[in-house]
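Work through the exercises below with the sequence and the model in view. Each task is followed by a solution in steps.

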Amino acid sequence: MLDSDRWPAAWTGYTIIGLALLAPFLGGSTALWSEAVLMLLTGLFFVLAPPRRSLGLPLNCIFLALAAIPLLGFLPAWLFPLTEWRRVMSDLGLPLPWTGSPQPWMTLESACLLWFGLAWAYYLFAYEWKPALREKVWDIFCAGILGLGAILIVCYAINLHVPFWPNVQEFGFFPNRNHTSNVLGLGGIFMYANAFRHLQHGRRRGWLWLAGLALVCWALILNFSRAGIILFFAGTLIWHIWWLVTSRAGTQKLIAWGPLAILVALLLLAGGSTWLRFRNESADLLSATQNGRVSIHRDAFEFFKTSPVLGTGLGNFRSLFTAARRFFISSSEAIHPESDWLWFAVEAGFLGPLLLLGGMAVWLRRSLPFAAGTWRAMRVAALICSVAFVVHGVFDVSGHRLGSLWPALFLASMAANPQIRNAKSAIAARVFRVFGPISAAIGMWWLASAIGAEAGPTSVRLEFLSSEAERASARGDYASAIQIASEGLAIAPLNWALYYQRGL
């Protein structure tokens with residue numbers, strides 16, 4: 001059996017960076033088929049090259065506790081205090097299951113994604129990079145970000161849609177332009193630091209990376225998202241100031257402002273409607289009545305305060321929030337609370353965010369200090385990207401999308417201090433050799449469901465049944481419409497669209 005010590009380190013590292021870049025390339029990995037492909041490939045990778053080191057007792061406990069949170073949703077509902085929404089739904093006669101989660105199949109799907117993300121994060125943080133390989137991987141990551149930006153620009157220029165990318169106006173690789181800009185913006189920060197690393201070593205390729213930043217900046221402009229531009233320019237400015245303070249470049253420090261000034265000029269001169277969006281919509285941020293995001297945040301926080309202490313169960317926010325909102329008055333449905341932290345807090349209870357904060361504190365401690373000789377310039381850039389990702393999660397849900405989470409986790413692992421050595425552990429390898437086949441099997445199950453097979457309850461199967469019920473109703477086949485809607489409600493008992501189709 002191959003493992004991470006016997007398998008060539010180069011191939012292990014190349015596989016890691018390949019998977020990190022594959023996630024955003026597969027349409028942001030927001031659809032079940034792309035999540036299935038990523039889970040299948042990563043599961044096989046876990047079998048072939050499981051981690052051979054442990055992160056230590058504190059992080060092991062945090063990872064295990066986070067993994068246990070979804071299991072609470074499968075406990076009997078009578079173990080928890082009766083909530084107002086469960087009482088109302090029971091009075092309405094909704095056939096709620098006996099589990100704490102009102103939609104256990106939806107909770108199971110979300111739980112699998114959470115476990116998958118935790119396993120990938122553990123693998124990255126436990127992996128020890130060879131010095132030469134580490135620097136090669138940085139270049140590959142930057143080239144991948146550059147490639148994503150180039151594809152976006154070319155598709156925009158010739159009006160071409162990548163078949164497996166969402167068909168959006170901005171030609172981004174996510175359905176939500178903010179998530180596309182998140183990947184490009186954080187990747188641009190890392191590329192900026194990588195360019196200076198090459199230039200400090202006298203390598204001319206550093207100028208190529210600086211030129212590539214203009215392409216990333218142009219892709220951000222075309223993407224029309226303020227979030228990515230803020231992340232990119234704020235992150236590069238913070239890193240640049242840190243570099244000026246710590247660098248011994250002398251008179252070259254003044255010249256070093258040139259690349260950043262050129263990028264700002266590009267934004268001002270070529271930003272067009274993107275730049276106008278900053279000017280014309282900034283006032284909306286000051287008014288909760290004009291900004292739906294603020295209203296959703298307010299409703300979500302109120303919903304969190306009235307939710308069970310241990311959460312509503314993963315995958316249930318969308319169905320429960322619609323009936324609970326008071327400030328977000330709209331005919332449209334809010335599928336998430338516009339915040340990673342609020343989303344996780346509502347579904348996982350107060351313990352979820354606390355455990356995440358504890359894990360981040362340990363990660364930050366393991367990243368310090370930034371001593372000379374530890375690739376500190378690149379590690380500081382990775383730290384800035386990671387913190388920016390966490391802060392962006394207060395106002396968006398990039399952490400709930402594999403396509404943006406995978407690159408962010410890779411960057412977070414790059415911030416770790418290489419002088420801290422993880423202890424070897426045979427248990428870690430055994431756990432991942434068990435989890436790997438399970439992950440691959442789940443990926444095959446989801447992939448089969450995504451291509452139309454009746455492979456059991458999934459979100460894709462639910463969407464198919466909802467469409468079939470609507471078509472049956474449209475052609476007057478009401479018996480079939482009722483039967484199909486009832487089958488869908490067995491998967492998601494709180495799907496209001498299916499109740500409407502059945503009632504119609």
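**Exercise 1: two packed helices**

Task: find the distance and angle between the axes of helix α7 (residues 177–200) and helix α8 (residues 205–223), then classify the pair.

Solution. Step 1: the two axes come within 9 Å and cross at roughly 165 degrees. Axes here are lines fitted to C-alpha atoms, for helices over the stretch in contact, and angles run from 0 to 180 degrees between N-to-C directions. Helices are DSSP runs (H or I, at least four residues), numbered from the N terminus.

Step 2: the angle therefore makes α7 roughly antiparallel to α8. The classes are roughly parallel under 35 degrees, roughly antiparallel over 145, roughly perpendicular from 65 to 115, and oblique for the rest.

Step 3: α7 passes α8 in a left-handed crossing. A crossing is left-handed if the near helix is turned anticlockwise from the far one by less than a right angle, and right-handed if clockwise.

Before going on, note the basis of these values: this is a predicted model, in which local features need pLDDT of at least 70 and side-chain atom pairs count only at pLDDT 80 or more, while totals for chains, interfaces and linings use all residues. Residues are numbered from 1 along each chain as its sequence is written, and side-chain values use heavy atoms, with hydrogens and water left out.

**Exercise 2: a second pair**

Task: classify the packing of helix α5 (residues 104–126) with helix α18 (residues 402–414).

Solution. Step 1: the axes are 9 Å apart, at an angle of about 25 degrees. Step 2: α5 is therefore roughly parallel to α18. Step 3: the crossing of α5 past α18 is right-handed.

**Exercise 3: the sides of a helix**

Task: state which residues of α20 are buried, and how they lie around the axis.

Solution. Step 1: helix α20 (residues 459–474) has 16 residues and reaches 23 Å from its first C-alpha to its last. That span is close to the 22 Å expected at 1.5 Å a residue, where the expected span is 1.5 Å times one less than the number of residues.

Step 2: Ser 459, Arg 461, Leu 462, Leu 465, Ala 469, Ala 472 and Ser 473 are the buried residues of α20. Buried means under 20% relative accessible area, exposed over 50%, and partly exposed in between (1.4 Å probe, protein chains only).

Step 3: these residues cover an arc of only 155 degrees around the axis, so they lie on the same side of α20. The arc is that of the directions from the helix axis to the C-beta atoms. Step 4: Glu 463 and Ala 474 are exposed on the other side of α20.

**Exercise 4: a further helix**

Task: do the same for helix α22 (residues 496–503).

Solution. Step 1: Leu 498, Tyr 499 and Gln 501 are buried. Step 2: their arc is only 160 degrees around the axis, which puts them on the same side of α22. Step 3: the face turned away from that buried side carries the exposed residues Tyr 500 and Gly 503.

**Exercise 5: backbone in the loops**

Task: describe the backbone at Pro 369, Ser 29 and Phe 224.

Solution. Step 1: Pro 369 is in the loop between α16 (351–367) and α17 (376–392). The peptide bond from Leu 368 to Pro 369 is cis, with omega near -5 degrees.

Step 2: Ser 29, in the loop between α1 (9–25) and α2 (32–48), has phi near 50 degrees, a positive value in a residue other than glycine. Ser 29 is buried, with a relative accessible area of 1%.

Step 3: Phe 224, in the loop between α8 and α9 (226–246), has a positive phi of about 65 degrees although it is not a glycine. With a relative accessible area of 24%, Phe 224 is partly exposed.
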